[in-house]
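Biologist: I should like to learn how to read a structural model, feature by feature. Could we begin with the way in which chains touch?

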Amino acid sequence: MAGGIISRGFHGRRRPPAEASRLPPGQYLTRDFPVLSAGPTPHPPLDRWDFVIKGEVAAPRRWTWQEFRALPSERITTDIHCVTRWSKLDTVWEGVALDTLLAGVGTAADYVVAFCDGGYTTNLPLADLTAGQAWVAFAYDGAPLAPEHGGPARLLVPHLYFWKSAKWVRGLELVSDDRPGFWESLGYHNHGDPWHEQRYWGD
Amino acid sequence: MAQPIGTSRLGRRTASPWWVAEVVATHPETPRATTLLLAVPGWPGHRAGQHVDVRLTADDGYQAVRSYSLASPPEDGERLALTVERLGDGEVSPYLTDEVRAGDRLELRGPIGGYFTWTAAAGGPLLLVGGGSGVVPLMAMLRHRAATGSDVPACLLYSARSDAEIIYRAELDRLATAANGPRVVYTLTRSQPTGWTGYRRRIDAAMLEEVSGLPAPGALAYVCGPTRLVENVASDLLSLGYAPARVKTERFGPTGS
């Protein structure tokens with residue numbers, strides 16, 4: 001951020017350099033874990049939960065909850081950044097890497113639409129989901145992911161603003177043409193890189 | 001239309017999105033909440049329920065930005081109202097509630113948020129459920145409803161800690177007694193004035209059923225407040241029969257420092 005009218009008498013609260021260097025522009029640090037969602041929290045029964053990969057793929061995939069949980073998983077420690085301007089450092093998750101889920105699917109598509117219980121969608125370039133950058137997370141801080149935080153499972157794409165880490169995710173649709181998701185259709189940036197402060201349309 | 005302040009002269013593809021707002025007046029609503037009345041020349045308009053980012057700049061260039069809901073309806077044009085709750089450990093809100101005075105200038109970006117919005121044309125019946133300063137965007141909806149002369153049935157269920165913490169009390173009571181006015185129901189969760197006959201507990205399923213009844217066709221609900229209130233109310237509304245896509249939520253409240 002640059003410029004700005006001086007706010008008479010405003011001093012602000014600066015962060016120690018070690019913390020400040022981990023905060024993208026315009027973010028502030030929180031120790032809480034705020035909840036943000038646009039509607040009621042879904043509570044899908046696990047015996048009917050599945051995760052699918054579909055769309056322009058050579059081999060569509062589907063996992064039941066048991067099959068999904070039997071996949072190799074990883075512990076991820078990462079900073080997260082919400083477009084509403086809070087950031088949280090060193091959050092600890094457990095999840096299945098998208099590289100694992102996408103292995104052998106076979107696609108020429110460049111984009112992904114993640115879809116969720118409750119109807120939420122978000123769009124991402126496939127390149128943002130591979131190479132160890134994204135997971136489907138089922139645990140947070142050593143416990144099953146709470147429903148209000150997206151449990152039983154949510155996308156975790158920590159290098160983008162957190163609305164891209166779709167709660168209650170149920171699958172990915174691979175598509176050739178980029179297709180704006182829920183917030184991306186309602187004024188929020190299509191890509192959402194916090195280090196380039198891509199918050200809203202036009203950023 | 002006036003341009004947002006910007007740097008288009010420097011050759012950027014888009015002008016900076018920050019608008020200059022002049023503080024016209026400040027108005028204490030409760031011991032913890034203050035309304036800032038702002039003049040924003042060139043404001044492009046908004047819908048009830050949307051919010052803005054407010055940016056403060058210290059004299060060494062340090063900046064802090066926070067989001068606040070608009071309390072004013074679109075019909076007020078370039079006059080905007082923000083109601084800010086003072087968070088004890090906040091970096092920005094104590095400055096806005098305690099320091100800012102008429103004549104100061106703030107920078108705004110927005111309007112932001114295209115989902116938690118209501119227009120009279122969207123119809124209803126409308127159930128608004130607010131906790132604490134979560135009433136602010138709901139007030140913009142009630143003001144919009146009044147300004148447009150809408151006769152969509154509307155009800156506000158408002159949870160506050162005490163009588164003194166009810167924001168917009170006089171205006172809400174006035175709206176409620178006007179012809180075609182909304183029904184306004186308070187619940188006071190921590191302390192009640194002598195002779196209080198209203199609710200005195202956190203909003204629960206039984207209270208929602210008494211206040212709302214079963215949802216009529218077209219029913220729309222907007223819920224705004226602290227996370228626990230929003231989670232519980234949204235879930236209870238589904239149990240009452242509201243369609244999930246007709247329950248819109250927004251969370252408010254402290255997010256740490």
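Modeller: We begin with the term itself: two residues are in contact if their C-beta atoms, placed from the backbone, lie within 7 Å. Please keep in mind that this is a predicted model. By that criterion, 37 residues of chain B are in contact with 35 residues of chain A.

Biologist: Which helices and strands of chain B each supply at least two residues of the side that touches chain A?

Modeller: They are the strands β3 (51-57), β4 (63-69), β6 (105-112) and β11 (247-251), together with the helices α1 (93-99) and α5 (227-240), of chain B. By class, this side of chain B has 15 nonpolar, 11 polar and 11 charged residues.

Biologist: How is a sheet to be read, and what is the order of the strands in the open sheet of chain B?

Modeller: In general, strands of a sheet pair through backbone hydrogen bonds, either parallel or antiparallel. Here, an open sheet of 5 strands in chain B has the order β9-β8-β7-β10-β11, and the pairing is parallel. The strands β9 (183-188) and β11 of chain B stand at the edges with a single partner strand each, so one side of each has no neighbour in the sheet. From one strand to the next, the twist averages 10°.

Biologist: How many bridges join β7 to β10 of chain B?

Modeller: There are 5 bridges between β7 (residues 126-131) and β10 (residues 220-225) of chain B, and these strands run parallel. Within this pair, B:Leu126 stands opposite B:Leu220. Helix α4 (residues 205-212) of chain B packs on the sheet and touches β7, β8 (154-160) and β9 of chain B. Helix α5 of chain B also packs on the sheet, touching β7, β8, β10 and β11. The direction of α5(B) makes about 170° with that of β11(B).

Biologist: What should one look for in a nonpolar core?

Modeller: In soluble globular proteins, nonpolar side chains tend to be buried together. The largest nonpolar core here has 71 residues, and B:Leu82, B:Leu128 and B:Val223 are among those that touch the most other members. Helix α2 (residues 135-147) of chain B gives the most to this core, with 8 residues. The core draws at least three residues from each of domain 1 (8-112) and domain 2 (120-251) of chain B.

Biologist: Which residues does B:Val223 touch, leaving aside those up to four places away in sequence?

Modeller: B:Val223 touches B:Val129, B:Val230, B:Val233, B:Ala234, B:Val247 and B:Thr249.

How values were computed
Residues are numbered from 1 along each chain as its sequence is written. Chains are lettered from A and ligands numbered from 1 in the order in which they are written. This is a predicted model: local features need pLDDT of at least 70, side-chain atom pairs count only at pLDDT 80 or more; totals for chains, interfaces and linings use all residues. Helices (H or I, at least four residues) and strands (E, at least two) are DSSP runs, numbered from the N terminus. Ala, Val, Leu, Ile, Met, Phe, Trp, Tyr, Cys and Pro count as nonpolar, Asp, Glu, Lys and Arg as charged, and the others, Gly among them, as polar. Two strands pair if DSSP finds at least two bridges between them. Axes are lines fitted to C-alpha atoms, for helices over the stretch in contact, and angles run from 0 to 180 degrees between N-to-C directions. A nonpolar core is a set of buried Ala, Val, Leu, Ile, Met, Phe, Trp, Tyr and Cys residues joined through C-beta atoms within 7 Å. A residue is buried if 20 or more other C-beta atoms lie within 10 Å of its own, exposed if 12 or fewer, and partly exposed in between; C-beta atoms are placed from the backbone. Domain bounds come from an automatic or database domain assignment.
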